[in-house]
Amino acid sequence: MLTVHHLNESRSTRVLWLLHELDMPYDLVEHERNSETRLAPESLKKVHPLGKAPVLVDDSLVLCESGAIMEYLLDKTEDSSLRPDAGTPEYYQYQEWLHFAEGSLALPVIASLMMKMEQRTGDKPMDGYIAKEVNVDFSYIDATLAKQSYFAGNDFTAADIMMTVMLEIADNVGLLTAHGNIKAYLEKVQARAAYQAARSHG
Ligand SMILES: N[C@@H](CCC(=O)N[C@@H](CS)C(=O)NCC(=O)O)C(=O)O
C-alpha cells in the first residue's frame, strides 16, 4: 500500500491530486506546519532525513521530490492518460513543464513569498534578480497558455499538477495580476474533482 506523508498547504497536494486523478488507493499521514515558522514538524524527519513534504512510502521505498514521486506513480499505474506517450512532441513539453515547476519557477516564486513576508523594500541585488526571473517566467507561461489549453498541449497531464501548485503560491503573492491567461487556467484546473479532493486535506 502507498503511504503519502502530507504537510498542510504544501507541495504534497500534488501527490494527493495525482492519486485522486488516477483513482489509486493510499494511506495518508498528516503533518502540521508550525504556525509561526511555517516549518515542518519533527515527525517528518523521522520519515525522511530532509524532513520535507511530500514523502511517498511504498514497501521499502521512501521517496521525496514531488516530480520524482509523480513519475513513480505514473510508472506504477496502467492508466496512461496523464502522461503523453514517450517520444512524442507532447511528451517533451510534459517533461519541460514537469521540471520547470521546481527547476525554474520555484526559486522566484518562493523568494517573492519570503520577500513579502519580510516586507522587503526591493532595493537589494537579489530583489532585481527575482523581479527579472518573475517577469521572464510568467511571460513564458502566459504565452504558452495563450496558444494551448494545458502545459503539454491540449490534454491535462501530471505536468499541470506540478505547475498549478506553484502558480497558486504566485497568485497568493500577487504575481498574476497582469496574467489573465494564467488566472483563467487556474480556475479551470481547480474545478477538477480530484483537485478538490486533494485540497480537502489542507
Ligand atoms: N523540491 C521539493 C521541495 C520540498 C519542499 O520544500 N517542501 C516544503 C513544503 S512545500 C516543506 O516541506 N517545507 C517545510 C520545511 O522545510 O520545514 C519537492 O518538490 O518535493
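**Reading the loops, the hairpin and the ligand shell**

Q: Between which two elements is Arg38 found?
A: Arg38 is found in the loop between β2, which covers residues 27-31, and α2. Helices (H or I, at least four residues) and strands (E, at least two) are DSSP runs numbered from the N terminus.

Q: What should I know about the model before reading further?
A: This is a predicted model, in which local features need pLDDT of at least 70 and side-chain atom pairs count only at pLDDT 80 or more, while totals for chains, interfaces and linings use all residues. Residues are numbered from 1 along each chain as its sequence is written, and side-chain values use heavy atoms, with hydrogens and water left out.

Q: What is the sign of phi in Arg38, and what is it in Glu9?
A: Arg38, although not a glycine, has a positive phi of about 70 degrees. Glu9, another residue other than glycine, has a positive phi near 50 degrees, and its place is the loop between β1 (2-7) and α1 (12-22).

Q: Is the peptide bond from Ala53 to Pro54 cis or trans?
A: The bond from Ala53 to Pro54 is cis, with omega near 5 degrees, and Pro54 lies in the loop that runs between α2 (42-45) and β3.

Q: How do strands β3 and β4 run, and how many bridges join them?
A: Two strands pair if DSSP finds at least two bridges between them. Here β3 (residues 55-58) and β4 (residues 61-64) run antiparallel and are joined by 4 bridges, with Val55 standing opposite Cys64 in β4. The two strands form a hairpin with 2 residues between them, and Asp59 in the turn has a positive phi of about 55 degrees.

Q: How many residues surround the ligand?
A: The shell holds 13 residues (each with a heavy atom within 4 Å of the ligand), and Ala40, Ala53, Glu65, Ser66 and Glu102 are the closest. By residue type, the shell divides into 5 nonpolar, 2 polar and 6 charged; Ala, Val, Leu, Ile, Met, Phe, Trp, Tyr, Cys and Pro count as nonpolar, Asp, Glu, Lys and Arg as charged, and the others, Gly among them, as polar.

Q: Which polar side-chain atom lies 2.9 Å from a nitrogen atom of the ligand?
A: That atom belongs to Glu65. A polar backbone atom of Ala53 is 2.8 Å from a nitrogen atom of the ligand, while a polar backbone atom of Ala40 is 2.9 Å from an oxygen atom of the ligand.

Conventions
Polar contact = N/O pair within 3.5 Å; in protein donor to acceptor, adjacent residues only side chain to side chain.
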